Amino acid sequence: MVIFIYGNQSIRINSQLKSILKKTLGETDELNYGRFDFAQTPIFEILDEASYLPLGYEHKVVAVDNCYFLGKDKYKDKLNKPEDFNELKEAILSKDEGIDLVLLLSSSNVDKKNELYKLIEENGQIIYIADPDAKQWPEVVKMFFAKQNVQIDYLALKEFSDRTLGDYAALSSNGQKLCLYTNHITLDDVNLMVTRPLEDNTFQIFNYLLNKDNSSAIGLFRDLKVNNVEPVVLISQLASQFRLLGEVLYLANCGMDNDAIADELKIKPIRVQIMKKYQFFISLNTIRKVLDDLFDLDRQIKSGQVDRYYAFELFLINFRNN
């Protein structure tokens, strides 16, 4: 049987694969289990491995990572020709109960109109690993630490959830680090051991600048520099923040309410509310100038005209919101 497992969280996809292996095989070895990377292995080799069951075995599993051909994102397949997939179609239709071919894709952006997707849907099994929403995530975090027999305070749980929101890899790596550090996690422990998402840090720099706290913006940037965060990434994210701010203020000046602005810009009303609080701090003309400055700074850095760290810090020093 062919099974397709997909979703944004690779760690959960692997967990689902482990569950299948445990249920169907119990113990795995090189004869009853094989794993391939579609980006590096021709499809005929994969299907050849999935075509026979060794003597003495009742079941076999062949797993294949990076099955891009089932996604919407374009990719260049240098190993296979379109006609090579005809054998895969035959494998899907065969419904061999003794051999499971498990196709894996770390993306939720799949092409449900794809002929192969439809064949698997009709003749095999499709498992979608959905991302937990913001309301569910704290419970996921709480369960993680409970399984480790580690206590976590309410405020620490809230902050840890905010810093790892929806990212199982971040939950696992940072969670294990905290569990090794202490068996009773406090807010101070989270602040010490778990870094904020880059988007949060960029918004904090944005917030500092609009509140004329340039020194705090510079201090945060220097902390990020230690962690090898590239200025061009910060420039891009800052530009997005200022661009959104300009759009919100422009639409607000046109007389639109928060819900109408949120609908127009395809964002949540709470983001509109947050952005509108800056309307007395900065003008639309200043926002346009800031965007021009960021564009010019990005161009100078990428063309090698200036030192990227020095130039971005100079931008923070000289920033004025009026």
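The paragraphs below walk through two pockets of this structure, which is a predicted model.

We can begin with the largest pocket, whose volume comes to about 490 Å³. Its lining is made up of 15 residues, and those closest to the centre of the pocket are R12, S15, F144, K147 and Y168. To see where the lining comes from, it helps to look at the helices: helix 1, which spans 10-24, helix 5, which spans 137-147, and helix 7, which spans 168-181, are the elements that contribute two or more residues each. Helix 1 gives the most to this lining, supplying 6 residues. When the lining residues of the largest pocket are sorted by chemical character, they fall into 7 nonpolar, 5 polar and 3 charged.

We can now turn to the second largest pocket, which holds about 300 Å³ of space. Here 17 residues form the lining, and the ones closest to the centre of this pocket are S161, D162, R163, T164 and L165. At least two lining residues come from each of helix 5, helix 6 (154-164), helix 7 and helix 9 (198-210), and of these elements helix 6 gives the most, with 5 residues. Sorted in the same manner, the lining of the second largest pocket contains 6 nonpolar, 4 polar and 7 charged residues.

With both descriptions in hand, the reader can trace the helices from one pocket to the other. Helix 5 and helix 7 are among the elements that give two or more residues to the lining of the largest pocket, and helix 5 and helix 7 also each supply at least two residues to the lining of the second largest pocket.

Note on methods:
Residues are numbered from 1 along each chain as its sequence is written. This is a predicted model: local features need pLDDT of at least 70, side-chain atom pairs count only at pLDDT 80 or more; totals for chains, interfaces and linings use all residues. Side-chain values use heavy atoms; hydrogens and water are left out. On a 1 Å grid over the protein atoms alone, a cavity is a set of points where a 1.4 Å probe fits but cannot get out, and a pocket is an open set with protein on both sides within 12 Å along at least five of seven lines; lining residues have an atom within 4 Å of a point. Grid points are joined across faces, edges and corners, and a volume is the space filled by probe spheres set on the points. Helices (H or I, at least four residues) and strands (E, at least two) are DSSP runs, numbered from the N terminus. Ala, Val, Leu, Ile, Met, Phe, Trp, Tyr, Cys and Pro count as nonpolar, Asp, Glu, Lys and Arg as charged, and the others, Gly among them, as polar.
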